[in-house]
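Visitor: Hi, I'm new to this one. Could you walk me through a few parts of it?

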Amino acid sequence: MKKKQNNIRVSFVDEPAAMDVTGSMVYVKTDTHNILIDAGLHQSNSKYDDFLVNKRRFKEFKPKDIDYIFISHLHADHVFLSPRLYKEGCSAKMIVAQDNYRIMHRMAEDSAYIIERDIELINNQHGKNYDPLYTIEDVEHTMNYVSEYPVMEKIVIDDTLSFMLIPNGHLLGSVQILLYLKQNNVEKTLLFTGDIGNSKVHNYYVNKFTPVDHANLVIGESTYGDRPDLKTGQKERNNDIEKLFSIITQQVCEMHGQVIIPTFANHRLQFLTTMIYQVMKDYDFPYKVYIDTPLGIDIFNEYRKILSGDELELFDKVLNWDNLVFVRDPESSKALVHSNEPCVILSTSGMCNNGRIRHHLKKAVPNPNATVLFVGFSTPGSLAALLKDKNVKSISIDNKQYICRCASFSLKSLSGHAPFCQLLDYYSSINTNRIVLHHGSEKAKLTLKEKLTSELEKKCKSTRVIIANSSLKISL
């Protein structure tokens with residue numbers, strides 16, 4: 001009798017991040033399990049295009065057939081398509097790292113609010129009658145299936161599936177996902193890196209990046225795959241700290257203007273606020289630092305419950321800083337938008353596609369006495385990316401054009417993503433048969449593949465480097 005063949009299939013067909021830097025979702029099918037790794041939203045500067053992508057019909061699976069969903073971290077492009085799956089009959093166990101549940105719950109509620117609001121705009125602008133991808137009720141239903149697990153501990157689900165969550169240094173609670181898949185008494189391992197953080201500089205409130213040395217298949221991010229020129233080491237970090245101080249003192253203290261900082265509510269906001277505190281606390285700085293995001297304020301409160309030791313001590317000093325002001329209610333936010341008070345304002349979202357930041361930008365962008373300060377990577381096509389582009393002379397916010405007269409700067413070393421050199425070093429160090437590059441632009445994947453292949457050859461490794469695309473399927 002012929003021996004049954006091993007049949008573990010990995011598909012990128014339903015993953016926008018196979019072709020782009022957003023919408024992470026990889027499907028893994030074995031004889032006994034149907035698994036998703038991440039379930040993220042596609043995000044760009046077009047609400048309508050994003051909606052059409054996010055409501056697409058899945059080609060490889062039905063939500064009701066998925067039995068496990070593994071989440072690498074709590075950014076929308078990695079997790080917040082999931083309520084749509086549960087709305088459509090999914091009953092999978094969703095696995096997240098410890099200390100993620102409460103933050104995920106609050107962020108998912110905010111995502112549902114944005115989605116319900118955006119569908120009203122889409123229907124009005126395009127004469128449609130679409131239902132939202134999901135609602136608050138769908139979020140509450142989804143959270144019933146979410147379970148936290150510890151990091152660095154191999155968890156056995158059954159005879160054919162085990163996993164380990166391994167810190168990747170991207171943000172608090174973010175992990176690589178190592179799956180142990182066994183069929184016909186043969187075990188294969190699949191490593192999904194998630195978004196890898198910068199391991200060469202100190203970042204507040206992240207679990208230290210822990211490398212994995214072996215897997216049969218590696219699925220690796222390539223966000224900065226086309227930026228071998230980008231330096232984000234300690235020297236660049238020190239320069240950016242000096243730049244941050246200079247921008248705030250010149251724009252706020254000397255020119256009596258405002259510094260507007262778009263940021264993500266989870267981790268980037270807490271990290272940046274701490275950095276501003278560290279930079280300005282020893283100086284005569286009478287100006288306010290406003291945190292204008294209800295979601296971000298709630299996550300501040302959750303961090304207070306999660307952190308411990310020296311990090312908690314520092315975090316409490318930040319929270320007790322007299323300059324720090326939390327802006328929660330809409331009326332206070334509107335008043336801040338219309339105020340000419342010299343100050344620093346941090347608001348969400350980081351890509352500027354949603355949130356209160358858009359109202360601040362409507363005022364700041366045409367104002368020559370304002371500075372918009374970006375931190376880290378911006379998805380191509382997002383409003384943040386357009387504002388960074390010095391060749392862009394005007395931008396559209398909510399269907400109205402604004403001439404770009406404000407100053408615009410970027411602190412690149414503060415990015416939450418590993419730079420090119422670290423991706424190259426890490427991927428070439430893993431003993432693996434194949435590496436699939438996803439979650440990056442076509443240029444990023446091509447550039448990284450070329451350099452990585454060369455580096456592997458130097459190390460006498462036969463690892464095959466594959467570029468993900470929307471038709472890619474692999475057998476393990």
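Visitor: Which way do strand β5 and β6 pair, and over how many bridges?
Guide: This is a predicted model, and in it β5 (residues 93-97) and β6 pair in the parallel sense over 4 bridges.

Visitor: OK, and what stands opposite A97?
Guide: That's Y149, in β6.

Visitor: What's the strand order in the open sheet?
Guide: The order is β6-β5-β4-β3-β2-β1-β22, so to speak from end to end: 7 strands, with mixed pairing. The edge strands are β6 (146-149) and β22 (473-475), and each of them pairs on one side only.

Visitor: How much are neighbouring strands turned against each other there?
Guide: By 20 degrees on average, direction ignored.

Visitor: Which strands does α4 lie across?
Guide: Helix α4 lies across β5 and β6, and runs at about 145 degrees to β6.

Visitor: And how do α4 and α5 cross?
Guide: Two packed helices are described by the angle between their axes and the distance between the axes. For α4 (residues 101-126) and α5 (residues 136-143), the axes come within 9 Å and cross at roughly 155 degrees. Angles over 145 count as roughly antiparallel, and therefore that's what α4 and α5 are to each other.

Visitor: Is that crossing left-handed or right-handed?
Guide: The crossing of α4 and α5 is right-handed.

Visitor: Which residues make the contact?
Guide: From α4 you have Y101, M104, H105, A108, E109, A112 and E116. On the α5 side, I136, V139, E140 and M143 take part.

Visitor: How many of those are nonpolar, polar or charged?
Guide: By class, the contact has 7 nonpolar residues, 1 polar and 3 charged.

Visitor: Switching topic: how many residues of strand β16 are buried?
Guide: 6 of the 6 residues of β16 (residues 370-375) are buried, so this strand is largely enclosed by the rest of the structure.

Visitor: Which residues of β16 sit on which side?
Guide: A370, V372 and F374 are on one side, while T371, L373 and V375 are on the other. Both faces are covered, with all of these residues buried. In a regular strand the side chains alternate between the two faces of the sheet.

Visitor: How does strand β12 pair with β16?
Guide: Strand β12 (residues 258-262) pairs with β16 in the parallel sense, over 3 bridges. There, Q258 stands opposite A370 in β16.

Visitor: And how many bridges join β16 to β19?
Guide: There are 5 bridges between β16 and β19 (residues 407-411), and the two strands run parallel. In that pair, V372 stands opposite S408 in β19.

Notes: Residues are numbered from 1 along each chain as its sequence is written. This is a predicted model: local features need pLDDT of at least 70, side-chain atom pairs count only at pLDDT 80 or more; totals for chains, interfaces and linings use all residues. Side-chain values use heavy atoms; hydrogens and water are left out. Axes are lines fitted to C-alpha atoms, for helices over the stretch in contact, and angles run from 0 to 180 degrees between N-to-C directions. Angles under 35 degrees count as roughly parallel, over 145 as roughly antiparallel, 65 to 115 as roughly perpendicular and the rest as oblique. A crossing is left-handed if the near helix is turned anticlockwise from the far one by less than a right angle, and right-handed if clockwise. Contact means heavy atoms within 4.5 Å. Ala, Val, Leu, Ile, Met, Phe, Trp, Tyr, Cys and Pro count as nonpolar, Asp, Glu, Lys and Arg as charged, and the others, Gly among them, as polar. Two strands pair if DSSP finds at least two bridges between them. Buried means under 20% relative accessible area, exposed over 50%, partly exposed in between (1.4 Å probe, protein chains only).
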